[in-house]
Amino acid sequence: LLVMEGNHTPIRFVLLGITDSPEVQTFLFGLFLLIYMVTLVANITILVLVWVVPSLHTPMYFFLAHFSFAEVCYSTVISPKMLMDLLSENKTISFAGCMMQFHSFAFLVTAECHLLAVMAYDRHVAICNPLLYVTVISSRLCWQLVASSYLVAFLSAIIYTSCAFGGSFCGPNQIDHFFCDLSPVLKLSCSDTHSSKVVISTFVAINWVSTSGIILLSYIRILHTVLTMRPARSRSRAFNTCASHLMAVSLFFGTIFFMYLQPTSSHSSLDKVASIFYTVVTPMLNPFIYSLRNKEVKGALVKWRRRSCISPK
């Protein structure tokens, strides 16, 4: 049983982690450490490129830079604690630490959803209304879209965190996960969580439906516009422009939908595998999806490397 204060608030939780096997834990530590380092280097590289290369000073790469920044923060919220726990026998986390980890996680996940929707809208205007693109997607609008994404995400995270941690915890303190996720935390609450689950489900649905709806409508318009383009080269260029974003959307929304839009009773051990994919693997893959399929990013990287090599020491 967990240690309690007078108001039934737990002092510490125990994270059960991914596996009990010491050999597997050692292997996973090496693997996840490598993935985390690659994630940081790849996403920070994109941030630096967008910052220093003038050809990337466009709305599309402005949004991509914020997405990469969110990926860095997102993986940092989860991976360091997970890596420490893989090599430590003491896998505890304080109540405040658990709450902050979940709040940061919820904030960044929601922000990424809205940023992906903003990026879809940007591609929609660029392809469907190219002559009005510079006028519509102004610098002011870019900042407003990014700021609104962060604001909605922050307010949503406060609601999720209040619902998840607002009750009493007076029973077992073992969280069957490698981080403080929603479902495992709610299972430990001694309070009636029905109303909390309804509120959380409502706001999750609002966020997911609104962002996925914007993405879907944007790409329906894009597809219609592209199919009406006569030169095959123009169609190919338009599809290549959207391919990276579509792959990122598929990876992110696919795992998120699997985790959070299924009934609570359907959660199983596969949840940890899905969680590893979207908290550890996806932040590493996204920079490569955008760079390997994007000639402008690859060209900017080559120019930056050449400039760095020939600069006086």
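## The start of the chain and model confidence

Over residues 1–7 of this predicted model, pLDDT stays under 50. The model has 16 contacts beyond four places in sequence for residues 1–7. A word of caution fits here: where pLDDT is low, the predicted coordinates should not be read in detail.

How does confidence look across the protein, and what is the mean pLDDT? The mean is 85, and 87% of the residues reach 70 or more. Among the parts of the protein, helix α5 (residues 139–165) has the highest confidence, at a mean of 96. Confidence is lowest in helix α10 (residues 295–310), where the mean is 68.

## Aromatic pairs

If you are interested in ring geometry, there is plenty to look at here: the whole structure holds 16 aromatic pairs. One of them joins Phe13 and Phe95, whose rings are 6.1 Å apart centre to centre. With 35° between the planes, the Phe13–Phe95 pair is tilted. This pair links distant parts of the chain, since Phe13 sits in strand β1 (residues 12–15) and Phe95 in helix α3 (residues 95–128), 82 residues apart. Are these two residues buried or exposed? Both Phe13 and Phe95 are buried.

Phe95 also pairs with Phe165. The ring centres of Phe95 and Phe165 are 5.7 Å apart and their planes stand at 85°, an angle over 60 degrees, so this pair is edge-to-face. Because Phe95 lies in helix α3 and Phe165 in helix α5, the pair ties together parts that are 70 residues apart in sequence. Phe165, like Phe95, is buried.

Now put the pairs together. Which residues do ring pairs link into a cluster? They are Phe13, Phe95, Phe102, Phe165 and Phe169.

## The second largest cavity

A search of the whole structure turns up three cavities of 30 Å³ or more. Let us take the second largest, which has a volume of about 100 Å³. Eleven residues line this cavity. Of these, Met60, Met119, Arg123, His245 and Tyr290 lie nearest its centre.

Where does the lining come from? Helices α2 (59–86), α3 and α8 (232–260) each supply at least two of the residues that line the second largest cavity. Helix α3 therefore appears in two parts of this report: it holds Phe95 of the edge-to-face pair, and it contributes to the lining of this cavity. Sorted by class, the lining of the second largest cavity has five nonpolar, four polar and two charged residues.

Methods:
Residues numbered from 1 in each chain as written. Predicted model: local features only at pLDDT ≥ 70, side-chain atom pairs only at ≥ 80, totals over all residues. Heavy atoms only, no water. pLDDT = per-residue confidence, 0-100. Helix = DSSP H or I, 4+ residues; strand = E, 2+ residues; numbered from the N terminus. Contact = heavy atoms within 4.5 Å. Phe/Tyr/Trp six-rings, centres within 6.5 Å; stacked < 30°, edge-to-face > 60°. Buried < 20%, exposed > 50% of the residue type's maximum accessible area, 1.4 Å probe, protein only. 1 Å grid on protein atoms, 1.4 Å probe; cavity = no way out; pocket = protein on both sides within 12 Å on 5 of 7 lines; lining within 4 Å. Points joined across faces, edges and corners; volume = space filled by probe spheres on them. Nonpolar A, V, L, I, M, F, W, Y, C, P; charged D, E, K, R; others polar.
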